[in-house]
Structures are given as structure tokens and as C-alpha cells.
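Open the structure in your viewer and keep the selection tool at hand. The tour below goes from stop to stop, saying what to select and what is there.

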Amino acid sequence: ASLFTWVGFKNFINLFTTSTTVTFGYSFRVVIGWTFVWALFATFTTYIGGIMLAKFLNNPKTKLPKFWRALFVITIAVPQFVSLLLVRNFFANAGIVNTLCAEWGITEFLKNIGLVKESLTYIPFLSDPNWAKVMIILINIWVGVPYQMLIATGVLMNIPGELMESARIDGATEFHAFMKITMPYMLFITGPALVTDFI
């Protein structure tokens with residue numbers, strides 16, 4: 001009984017109010033902020049991107065849909081470890097992306113607007129914390145969108161054609177049909193998976 005005393009919520013209050021924990025409180029806020037940003041971007045960019053890609057591939061006007069589907073599925077077929085090694089090499093300080101950005105003047109433009117330090121001759125994709133966060137989100141989009149596309153393709157194929165046909169007859173635009181029929185159906189089917197992805 002003498003090893004500890006119950007303090008209730010005092011430590012949580014101290015986390016944000018007292019000067020002795022200001023460093024930890026600041027770190028906590030930064031980490032929790034980035035966690036929410038990551039959860040939002042990691043979930044909704046891949047979810048919406050997968051649905052849009054599935055709509056594109058299921059559109060009768062799309063040429064060679066099987067080719068495009070196979071191209072995107074390759075990102076799932078290749079082990080993520082291999083993909084990450086390639087990304088690391090592509091976006092390294094002397095990688096192909098930095099070389100192209102320097103040749104095309106993108107690095108100089110980013111220096112002029114203050115997104116890259118003047119002393120650098122490359123974009124610090126992997127060494128600067130802010131650029132690394134952008135890269136993590138982009139890599140997640142690269143890996144996650146095709147996976148969500150496969151799920152969305154299966155769900156889109158199960159939407160009754162009569163619903164879309166009656167919407168067209170009633171004068172609904174593609175956008176209205178998407179918002180009033182496709183998205184509610186998608187959310188009804190994939191809602192639980194979307195919640196677990198966010199968590």
C-alpha cells in the first residue's frame with residue numbers, strides 16, 4: 001500500500017498545465033496530432049482512391065481494363081518489403097527522383113518558396129521529418145489504393161443495374177448517381193472495414 005498513491009486525473013492535468021511536464025506535453029500533442037493526421041490520410045485517401053480507381057476500371061469507356069487492373073494489382077503482388085526498398089532508393093538524396101527534380105528545376109522552386117533549405121542540393125524526402133511524413137502517406141497510397149480497388153470492384157459489381165438505370169431515366173447525373181446510390185451502398189458494405197482501417 002505504501003508503494004503508490006492514487007492520484008486520479010492529476011497526471012493528465014499536469015500533462016498540459018504544469019511547467020515540469022511542458023516538454024512531455026508538447027511531445028504528446030505533436031505525436032497525437034500526427035497520429036490523427038496519419039489515420040485520416042491513411043484511411044480516406046486509400047478508400048476514396050480505391051473506389052475512384054474501381055469506377056474508372058468498371059467504366060465501359062475504359063480501354064484495356066484488364067491490363068490496367070493487372071498493372072495496379074502488381075503493387076499488391078510484389079511484397080511490400082521489396083516495394084519499400086525500391087522507394088528508399090528512388091527517393092534517396094542521390095536517387096532518381098531527386099536527380100529528375102534537380103534537372104526539371106523543382107528543387108530550386110521548392111528552395112525559393114521555403115520548403116527546402118538553401119544549403120541542400122536535394123529534396124530531403126527521407127531525412128527531413130516533414131518530408132518523411134509526406135512520403136509515408138504517398139507510400140501508403142501506393143500500396144493501399146489497389147487493395148481497396150479490388151474490394152470496391154467486387155462491391156460495385158453487386159450494385160443492381162436496375163438502380164443505376166432508373167437513376168439515369170429519372171435524369172440523375174453521374175455525380176448524383178454516385179453520391180445517392182454508389183457511395184451509400186459502398187459505405188453500407190464496407191463501413192465496418194473502414195472503421196477498423198481507421199482504428
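What follows is a walk through one bent helix, two pockets, a pair of charged side chains and a few single residues. The model is predicted.

**Stop 1: helix α9**

Select residues 174-198, which form helix α9. How far apart are the end C-alpha atoms of this helix of 25 residues? They are only 28 Å apart, whereas a straight helix would reach 36 Å at 1.5 Å a residue. To see where the helix departs from a straight line, select threonine 190: α9 bends there by about 65 degrees. Then add proline 192, a proline that follows the bend within four residues.

Stay on α9 and colour its buried residues. Among them are Ala177, Phe178, Ile181 and Thr182. Further along, Met183, Met186, Gly191 and Leu194 are buried too. Thr190, the site of the bend, is also on the buried list.

**Stop 2: the largest pocket**

Next, select Lys55, Asn58, Met164, Arg168 and Glu174. Of the 18 residues that line the largest pocket, these are the closest to its centre. The pocket holds about 480 Å³ of space. Which helices supply at least two residues each to its lining? They are α2 (22-58), α7 (129-157), α8 (161-169) and the α9 of the previous stop. Coloured by class, the lining shows nine nonpolar, five polar and four charged residues.

**Stop 3: a salt bridge in α8**

Keep arginine 168 selected and add glutamate 165. Side chains of opposite charge can pair when their charged atoms come close. Here the two side chains meet in a salt bridge, with 3.0 Å from N to O. The count of salt bridges in the model comes to one. Both residues belong to helix α8, where they sit three residues apart, about one turn of the helix. An α-helix has 3.6 residues a turn, so residues three or four places apart point the same way. Are the two partners buried or partly exposed? Arginine 168 is partly exposed, with a relative accessible area of 48%, and glutamate 165 is partly exposed at 41%.

**Stop 4: the second largest pocket**

Move on to Ser83, Val87, Phe90, Phe91 and Trp142. They lie nearest the centre of the second largest pocket, which is lined by 13 residues. About 310 Å³ of space lies in this pocket. Helices α3 (65-77), α4 (80-90) and α7 each give at least two residues to the lining. What classes of residue make up this lining? It divides into 11 nonpolar and two polar residues, with no charged ones.

**Stop 5: single residues**

Select leucine 64, in the loop between α2 and α3. Its phi is positive, about 50 degrees, although the residue is not a glycine. Leucine 64 is exposed, with a relative accessible area of 59%.

Now go to leucine 57 in helix α2. This leucine is buried, with a relative accessible area of 2%. Draw a distance from the C-alpha atom of leucine 57 to that of valine 87: the two are 30 residues apart along the chain and separated by 26 Å. Valine 87 was met at the previous stop, near the centre of the second largest pocket.

End at isoleucine 74 in helix α3. At 45% relative accessibility, isoleucine 74 counts as partly exposed. A second distance, C-alpha to C-alpha, runs from isoleucine 74 to isoleucine 136: 20 Å in space, with the two positions 62 residues apart in sequence numbering.

Conventions: Residues numbered from 1 in each chain as written. Predicted model: local features only at pLDDT ≥ 70, side-chain atom pairs only at ≥ 80, totals over all residues. Heavy atoms only, no water. Expected span 1.5 Å × (residues − 1). Bend = angle between axes of the 7 residues up to and from the residue. Buried < 20%, exposed > 50% of the residue type's maximum accessible area, 1.4 Å probe, protein only. 1 Å grid on protein atoms, 1.4 Å probe; cavity = no way out; pocket = protein on both sides within 12 Å on 5 of 7 lines; lining within 4 Å. Points joined across faces, edges and corners; volume = space filled by probe spheres on them. Nonpolar A, V, L, I, M, F, W, Y, C, P; charged D, E, K, R; others polar. Salt bridge = Lys/Arg side-chain N within 4 Å of Asp/Glu carboxyl O.
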